[in-house]
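Visitor: I'd like a close look at one part of this model, the disulfide, and then a walk outwards from there. Could you take me through it?

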Amino acid sequence: QVQLVESGGGLVRAGESQTLSCVVSGNFFKVGAVDWYRQAPGKQRNLVATTQTATITRVVDSVKGRFTVSRDDVQNVVFLMMNSLNPEDSAAYYCRGLIFKAPGDSAVYWGQGTWVNVSS
């Protein structure tokens with residue numbers, strides 16, 4: 001059984017930094033692309049960042065310059081480093097992974113989410 005587990009959320013003050021982690025565990029062949037999404041109360045879930053490999057990464061324009069995504073393919077962990085946080089960044093953050101059970105056999109898995117609450 002494959003699991004994605006996020007951690008690192010919590011309450012921070014505006015202007016501070018926070019790093020989220022997404023750990024992939026279970027029985028799998030390879031971790032493919034992993035994305036970070038966020039969803040504020042009453043709003044839709046939106047893509048924040050994506051990483052296909054350790055060198056192919058992208059963040060959306062709204063967080064560019066503040067957020068960075070990276071991954072450790074040995075430990076099977078994906079990180080979202082968030083700087084200069086503001087109250088508009090408050091949301092539940094989810095990781096979504098394309099996990100290969102075998103070459104050519106993949107499925108999408110979601111984590112349970114971790115809350116980030118930025119106070120002004």
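Guide: Sure, let's start with the sulfurs: Cys 22 and Cys 95 are joined in a disulfide, with 2.1 Å between their sulfur atoms. Keep in mind that this is a predicted model, and every value here is computed from it. As for the handedness, the S-S torsion of Cys 22 and Cys 95 comes out at about 70°, so the disulfide is right-handed. The two partners sit in distant parts of the chain, with Cys 22 in strand 3 (residues 18-25) and Cys 95 in strand 9 (residues 91-102), 73 residues apart. Is each end buried or exposed? Cys 22 has 0% relative accessibility, which is under the 20% limit, so Cys 22 is buried. Cys 95 also gets 0% relative accessibility and so counts as buried. If you go hunting for others, a search of the whole structure turns up one disulfide.

Stay on strand 3 for a moment, where you also find Gln 18. Gln 18 has a relative accessible area of 10%, so Gln 18 is buried. That polar side chain has a partner: it reaches the backbone oxygen of Gly 8 at 3.1 Å. Leaving out residues up to four places away in sequence, Gln 18 touches a run of glycines, Gly 8, Gly 9 and Gly 10, along with Val 12, Leu 80, Met 81, Met 82, Leu 85 and Val 116.

Leu 80 gives us a handy bridge, as Ala 49 touches Leu 80 too. Ala 49 belongs to strand 5, and its relative accessible area is 1%, so Ala 49 is buried. Beyond neighbours within four places in sequence, the contacts of Ala 49 also include Val 34, Asp 35, Trp 36, Arg 58, Val 59 and Val 69. For a sense of distance, the C-alpha atoms of Ala 49 and Val 24 are 17 Å apart, with their positions 25 residues apart in sequence.

Past strand 5, in the loop leading to strand 6 (57-59), comes Gln 52. With 48% relative accessibility, Gln 52 counts as partly exposed. Not counting residues within four places in sequence, Gln 52 is in contact with Gly 32, Ala 33 and Arg 71. Its C-alpha atom is 9.8 Å from that of Ser 70, a residue 18 places away along the chain.

Strand 5 also matters for the largest pocket, giving three residues to the lining, the most of any element. That pocket holds about 180 Å³ of space. Its lining has 15 residues, and those nearest the centre are Arg 38, Ala 40, Lys 43, Asn 46 and Glu 88. Two elements, strand 4 (30-39) and strand 5 (46-51), each give two or more residues to this lining. By type, the lining splits into seven nonpolar, five polar and three charged residues.

Last stop, a couple of backbone torsions you may want to check. Asn 76 is not a glycine, yet its phi is positive, near 55°. Asn 76 sits in the loop between strand 7 (67-72) and strand 8 (77-82), and at 21% relative accessibility it counts as partly exposed. Ser 84, in the loop between strand 8 and strand 9, also has a positive phi for a residue other than glycine, near 50°. Ser 84 is partly exposed, with 42% relative accessibility.

Notes:
Residues numbered from 1 in each chain as written. Predicted model: local features only at pLDDT ≥ 70, side-chain atom pairs only at ≥ 80, totals over all residues. Heavy atoms only, no water. Disulfide = S-S within 2.5 Å. Helix = DSSP H or I, 4+ residues; strand = E, 2+ residues; numbered from the N terminus. Buried < 20%, exposed > 50% of the residue type's maximum accessible area, 1.4 Å probe, protein only. 1 Å grid on protein atoms, 1.4 Å probe; cavity = no way out; pocket = protein on both sides within 12 Å on 5 of 7 lines; lining within 4 Å. Points joined across faces, edges and corners; volume = space filled by probe spheres on them. Nonpolar A, V, L, I, M, F, W, Y, C, P; charged D, E, K, R; others polar. Polar contact = N/O pair within 3.5 Å; in protein donor to acceptor, adjacent residues only side chain to side chain. Contact = heavy atoms within 4.5 Å.
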